[in-house]
Structure formats: C-alpha cells, structure tokens
Amino acid sequence: TMLSPFWPVTYHRTYFKNNNTGKYAYLVDKTVGYSPHQRLDDLLAADLVDAAAELSYRKAGMIPEKYVPGTGVSGQTVLNLVRRFKPEQIQIKERPKAKKECEAIYVEADEDHVPNQEPGARAFQQKLVYVHEGVERIGKNRNKLIGKKYFTFPPGTKSEEIWNTIWRYLDDTYELEKVEHIFILGDGAGWIKSGAEYIPNARYVMDGFHLKQAIYGAAGADEDNRAALAEAIWAGKWAEMNRLLISFLEEAQVDSRRNTIENVIRYLNNNWSGIRARQAYQDVLVGCSAEGHVSHVLSARLSSRPMGWSHVGANQMAHLRVHKVNGINLRQTYLRKRKDEKRRQIDTELVESLKALPKASGSSYETFDNIPSLRWGSGLSLGHLLR
C-alpha cells in the first residue's frame, strides 16, 4: 500500500528471481520508481515538504488527512522527508541572460537567535543576507524591494565563505563597473562589517533601527536627553556624543543602568564609521529592514514558537524558507530531485547489469566485440557511422 495525495493505493505484485544472478526484485516497483521501503508516493511527499516550510512537522503531516482520510503521516515522517531532500545542498542558479545595470546595490544582513534543542545549550545564530536594488511604493504604507535575493548561512560559517557567496552572485547578476554604490547595512556585528573588506568598493552603513535602539538605551526615558544625543549623532559630533554619554553614565544610580550605558558607549564608538556613512549617503540610502526580514523569513518558523532545533534542522528549515521567498517552487524542485535520483539509480543498475552480462551469458552465447568494423581503431570507413 502506497500513500498518495488522492487515497491509499493498494496493488498486488510478483516477486521475481533472476536465475543468472540469484537476485530478487519487484519489477513493478522498479518500473514505477518506488524504492524497497518507500510508503509515500513522491507527489504526497512533495506536498508535505512544501507544507513543512510554513507549519510544524506535526501539523504539516496532518494536512493530507483533512482532505483524504488515511493519508496523514507523523511529524517524524515529515522530518525524515526534509532530511532526505537536503534543501541546503540545492543550488538553483538563475543567471540572467544579460547582467543588470543599476546605480546602487544594497546588501542587508542580520541573524536569528535560534533556541538549541540540547538541554542547557545556548541559542545559536542562523544568518540571513539579502540583496536588492532599492524600494518601490506598492501601497499607501507599503514598499517592495526591487530585485531581492535571499541567502542563509548556518552557525560556524566563516565570513569569507559568506561574502564570497554574495560576491559571486553580484558578479553574475550586475554590471558592477556601472554600479556607483554598494552598501552593506546591518547592526554592527563583526561578520557583517567584514563584508566591506571582501566586496570591492563596498561600504558598511549602520542600521537605523539598531542606532535608535542604542540612543534609547543610553538616554532612557528622558526625551531631552534622547533628542540631544540624537542631534549630536546625526550632526557627526563625535566629541559631543561621548560627552553626553559620559554625563548619562555619571548620573546613573544602579549598576544595570551603568552597564547598559557602557555597552552603548562601546557600540556607538565601534560603529562610528558606519554612522558617518549613513549621514554622508543619506540621499542614496533607502533604509534597512533587516530586522523585519529576519522575523518574516527565519524567526516565524525557527524562534517565535517554543521549540528547539539542532544546527542541521535549523539550517535545512532556513533554506526551505529562503528558497520559498526567492520564488522557488519547492514541490516541483522536490519532484525534479527525486526524478534525477531515480535516473541515476537506473543508470547505475544498467551499468552493473552490462558488466555482469558476459559472465552470466556463458560460453554458449555470442562473443562480444567480434565485429571488425565496430572495433575502436578500425580503419574501415563505416566504422564511425556504425558505432
């Protein structure tokens, strides 16, 4: 019995034995393309993998049951399908027919803090990077990124690997000689700022969201202090900014408040070049929405619910969701991958069968390679054509 999207399909089959090799096989399974222990048709498996990108494994496995009784599966089965699919290894290259030209390219980056399923283990970071060419208005209060492309990287990925991946994409997609600005925007994390070192002519710019968070963290609830600190920062007055921060620190009465201000002092000074770049290129910049994109693409499935993840599981789920927001049809991709796997299996079995054929045929059968005009190296004029 095989579970399909339509109904559990039951069929009868014959177990054949190859008298020459002694091997057994269900030939009808081989014809259809079912592996020995497969119980889910690929069409149903593709639907489950697609659903897992949006729902928990358990809820994804229950979806078929709503439409056709008897076709629901366990959450573990859905997890196993995603593991076999290996979305992190799928390379979908969409090199354009002609490279695009634009004035500026924006590379925004942030990370999601994913809870670890190991008891007592700390959360780990799943990184998100996306590239776009600016924004366009699609509604009264809504903007849309132009030419967006998402990438995700698991914890432990070196900065060099991350930014080499982004650089290859930029080089394949854009006429970089005609691009005036490449901006890398983020919260000031070391791996984000290092992008300006790996991508030629790129400039790191401080993310406005985290900059405002820092101002609020240092000035607290005092609106006058917030306004004064913000004015000093936006005017590029480094000395005035630090004078205000030190005065806030001296006025703090509890240790927690002092620790917060000290962290802000380090944060703003370490990212001063990114803050100044934000001022210098304010006419070209379009804002940074990395926090919102991480929430929509990663956190909605990885960290917004009370669940824990392994590094492998989180990375696979992150790739599923990134493929989906990149416009990839997960269902079709799964079916195409399974078709390629079956084709390779058939090719391997065919080669092994051909290798075993002379031995199985015995001496009473035709001797192979005994036609002179088909032998390699034959000088006959018809040899090439006949081969």
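These legends accompany three close-up views of a predicted model. Residues are numbered from 1 along each chain as its sequence is written, and side-chain values use heavy atoms, with hydrogens and water left out. Because the model is predicted, local features need pLDDT of at least 70 and side-chain atom pairs count only at pLDDT 80 or more, whereas totals for chains, interfaces and linings use all residues.

**View 1. Strand S5 and its two partner strands.** Strand S5 (residues 104-114; strands are DSSP runs of E with at least two residues, numbered from the N terminus) is largely enclosed by the rest of the structure, because 10 of its 11 residues are buried, that is, under 20% relative accessible area with a 1.4 Å probe and protein chains only. S5 runs antiparallel to strand S6 (residues 124-132), to which 9 bridges join it, and alanine 109 stands opposite valine 129 in S6. With strand S10 (residues 181-186) S5 runs parallel, joined by 5 bridges, and here alanine 104 faces histidine 181.

**View 2. A patch of negative charge on the surface.** Asp222, Glu223, Asp224, Glu250 and Glu251 gather here; patch residues have over 30% relative accessible area and no salt bridge (a side-chain nitrogen of Lys or Arg within 4 Å of a carboxyl oxygen of Asp or Glu), and like charges are joined within 9 Å. Helices H9 (223-234) and H10 (238-251) each supply at least two of the patch residues, while aspartate 222 lies in the loop between helix H8 (208-219) and H9.

**View 3. A positive surface patch.** Arg58, Lys59, Lys66 and Arg305 form this patch. Lysine 66, found in helix H3 (residues 57-67), has a relative accessible area of 68% and is therefore exposed, a term that requires over 50%.

Technical notes
Patches are made of residues with over 30% relative accessible area and no salt bridge: like charges are joined within 9 Å, nonpolar side chains (Val, Leu, Ile, Met, Phe, Trp, Tyr) within 5 Å. Accessible areas come from the Shrake-Rupley method with a 1.4 Å probe; for residues, only the protein chains shown count as cover. Lys and Arg count as positive and Asp and Glu as negative; His and the chain ends are not counted. The place of a charge is taken as NZ of Lys, CZ of Arg, CG of Asp or CD of Glu. Helices (H or I, at least four residues) and strands (E, at least two) are DSSP runs, numbered from the N terminus. Two strands pair if DSSP finds at least two bridges between them.
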